[in-house]
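Q: Please take a close look at the cross-linked part of this protein, if a search turns one up, and then set it beside the sheets and aromatic side chains of the rest. I would like a connected account rather than a list.

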Amino acid sequence: MRSRLVRATLLLAAAALAAAGCSTGSAGSRTAVDGTRSPSPGGSARAARAAATGLPGMPPVLDPRDVYAADRPGRLSPVVKDFPSRVYVPNTNSGTVSVIDPKTYKVVDTLKVGVQPQHVVPSWDLRTLWVNNNRGHTLTPIDPATGRAGKPVDVHDPYNLYFTPNGRYAVVMASLDRELVFRDPHTMAVKKKVPVSCYGVNHADFSADGRYFVVSCEFSGELLKVDTERMKVIGQQRLPFRGAMPQDVKISPDGRTWFIADMMAHGVWVLDGDRFTTPKLLPTGKGAHGLYVSRDSRTMYISNRGEGTVSLYDFASRKLTEKWRLPDGGSPDMGGVSADGKVLWLSGRYDSEVYAIDTRTGKQLARIPVGGGPHGLAVYPQPGRYSLGHTGIFR
């Protein structure tokens, strides 16, 4: 009876939110996306149903129209509100993490970690930052309250790291092992290994209800669809572009559309995740790589690593609206948005530097020297109730 009452309450709340409708501010346009669907009342109702029938144990969806509703400026969890604001930069070639004070744009510490650190990943409970030492086969924990690195944990081939929306499992993207490894989110003990037939599993994001996630396979140009609860691959497709190299994955605020950056197709694939049909390509720039959503859920920043630019995509109009070009070029890769939403931080993968970009104007605020091969930097803390992993996907 209690479970039925809880479910009924969620359904009523979700229906009220859907009935309230949503504002759809728009921006100027340049390039239209073929194949995407416009928002509709049916879409809102569908999102409301997803909010009420989510993955067991997943925190309730705050707003069925916006999966990023918990990420508004300043909405820091009590867990992280006293953490110092820092930018943690894994230097793949140096085996270190550069720690930047975002107020001064200066490196204030350099942490020695394992071999080939790829990404700095916030844990589901927000209490730990995990450094993915890919070729060192370890995860190094960092205490974000003190900035100190702890004892490494043995984990084989941790190219990237995610967490299921209910916090039950960590999911290691074992790229060269060709496995998705479900582990205990605290001890990292193996719970289940899921072999895959594609090559180079690397990035992912979860559906609004948390029941499945989409994974990019970099070296074979494929996508996987994985059932979260059953820990099973339920869909697989090859991208319709010869030599495709899919990278970062992000879901739209309304939970209806998926975006997958592709560094060889020089754009972003637009995918219907539920149907998992053939996606359409949106050209953005050479070497499209990282995808980041603004704090107001209106814009997605797309880093084009091969040409030193950032493209802006407007979710309401479903169009590209602007392109920012870094002065003196660069190789913008992975990163994140500041807690107040005013600065986009990106690593300069081939230039041993980090870029701070004003999100209102596109102006470069700073270019900061770091170690060799900076990759998946994490801006921390950020707003949100829990982390899904990578450099910071928060819900």
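A: A disulfide is taken here as a pair of cysteine sulfur atoms within 2.5 Å. The model is a predicted one, and a search of the whole structure returns 1 disulfide. The partners are Cys198 and Cys217, whose sulfur atoms lie 2.1 Å apart. Because the torsion about the S-S bond of Cys198 and Cys217 is about -50°, the disulfide is left-handed. The pair links distant parts of the chain, 19 residues apart: Cys198 belongs to the loop between strand 13 (190-195) and strand 14 (201-206), while Cys217 belongs to strand 15 (residues 212-217). As for accessibility, Cys198 is buried and Cys217 is buried as well.

Strand 13, after which the loop of Cys198 follows, also takes part in an open sheet of 4 strands, with the order 10-11-12-13 and antiparallel pairing. Strand 10 and strand 13 are the edge strands, each with a single partner strand, so one side of each has no neighbour in the sheet. On average, and with direction ignored, neighbouring strands of this sheet are turned by 20° against each other. Within the sheet, strand 10 and strand 11 are joined in the antiparallel sense by 4 bridges, and Asn160 stands opposite Met173 in strand 11.

Aromatic side chains come next, and the structure holds 12 aromatic pairs. In one of them, the rings of Tyr169 and Phe182 have centres 5.9 Å apart and planes at 90°, so the pair is edge-to-face. This pair, too, links distant parts of the chain, 13 residues apart, with Tyr169 in the loop between strand 10 (160-163) and strand 11 (170-174) and Phe182 in strand 12 (residues 179-183). Both Tyr169 and Phe182 are buried, and together with Phe206 and Phe213 they form one aromatic cluster.

Two tyrosine rings carry a charged group over them. The charged end of Arg178 sits over the ring of Tyr199, 3.9 Å from its centre. Lys225, for its part, lies over the face of Tyr212, at 4.3 Å from the ring centre.

Further along the chain, another open sheet is made of 4 strands in the order 18-19-20-21, with antiparallel pairing. Its edges are strand 18 (246-251) and strand 21 (280-283), each with a single partner strand, so one side of each is left without a neighbour in the sheet. Neighbouring strands here are turned by 25° against each other on average, direction ignored. Strand 18 is joined to strand 19 (residues 258-262) by 4 bridges, the two running antiparallel, and Lys250 has Phe259 of strand 19 opposite it.

A further stretch is organised around strand 27 (residues 343-348), which is mostly covered, with 6 of its 6 residues buried. In a regular strand the side chains alternate between the two faces of the sheet. In strand 27, Val343, Trp345 and Ser347 point one way, whereas Leu344, Leu346 and Gly348 point the other way, and all of these are buried. On one hand, strand 26 (residues 332-337) runs antiparallel to strand 27 and is joined to it by 4 bridges, one contact being that of Gly336 with its bridge partner Trp345 in strand 27. The hairpin of strand 26 and strand 27 has 5 residues between the strands, and Gly341 there takes a positive phi near 80°. On the other hand, 6 bridges join strand 27 to strand 28 (residues 353-358), again antiparallel, with Val354 in strand 28 as the bridge partner of Ser347. The hairpin that strand 27 and strand 28 form has 4 residues between them, and Ser352 in the turn has a positive phi of about 50°.

Strand 28 continues the series, since 5 bridges join it to strand 29 (residues 364-369), and these two strands run antiparallel. Pro369 in strand 29 is the bridge partner of Glu353. In the hairpin of strand 28 and strand 29, with 5 residues between the strands, Gly362 takes a positive phi near 80°.

For the protein as a whole, the secondary structure comes to 2 helices and 30 strands, and buried residues make up 60% of its 395 residues. Among contacts with a separation of 6 or more, 49% are accounted for by residues 24 or more positions apart. To return to the part you asked about, the disulfide of Cys198 and Cys217 joins two residues that are both buried.

Key. Residues are numbered from 1 along each chain as its sequence is written. This is a predicted model: local features need pLDDT of at least 70, side-chain atom pairs count only at pLDDT 80 or more; totals for chains, interfaces and linings use all residues. Side-chain values use heavy atoms; hydrogens and water are left out. Buried means under 20% relative accessible area, exposed over 50%, partly exposed in between (1.4 Å probe, protein chains only). Two strands pair if DSSP finds at least two bridges between them. Rings of Phe, Tyr and Trp (its six-membered ring) pair if their centres lie within 6.5 Å; planes under 30 degrees apart count as stacked, over 60 as edge-to-face and the rest as tilted. A charge sits over a ring if NZ of Lys or CZ of Arg is within 6 Å of the ring centre and within 35 degrees of the ring normal. Axes are lines fitted to C-alpha atoms, for helices over the stretch in contact, and angles run from 0 to 180 degrees between N-to-C directions. Contact means heavy atoms within 4.5 Å.
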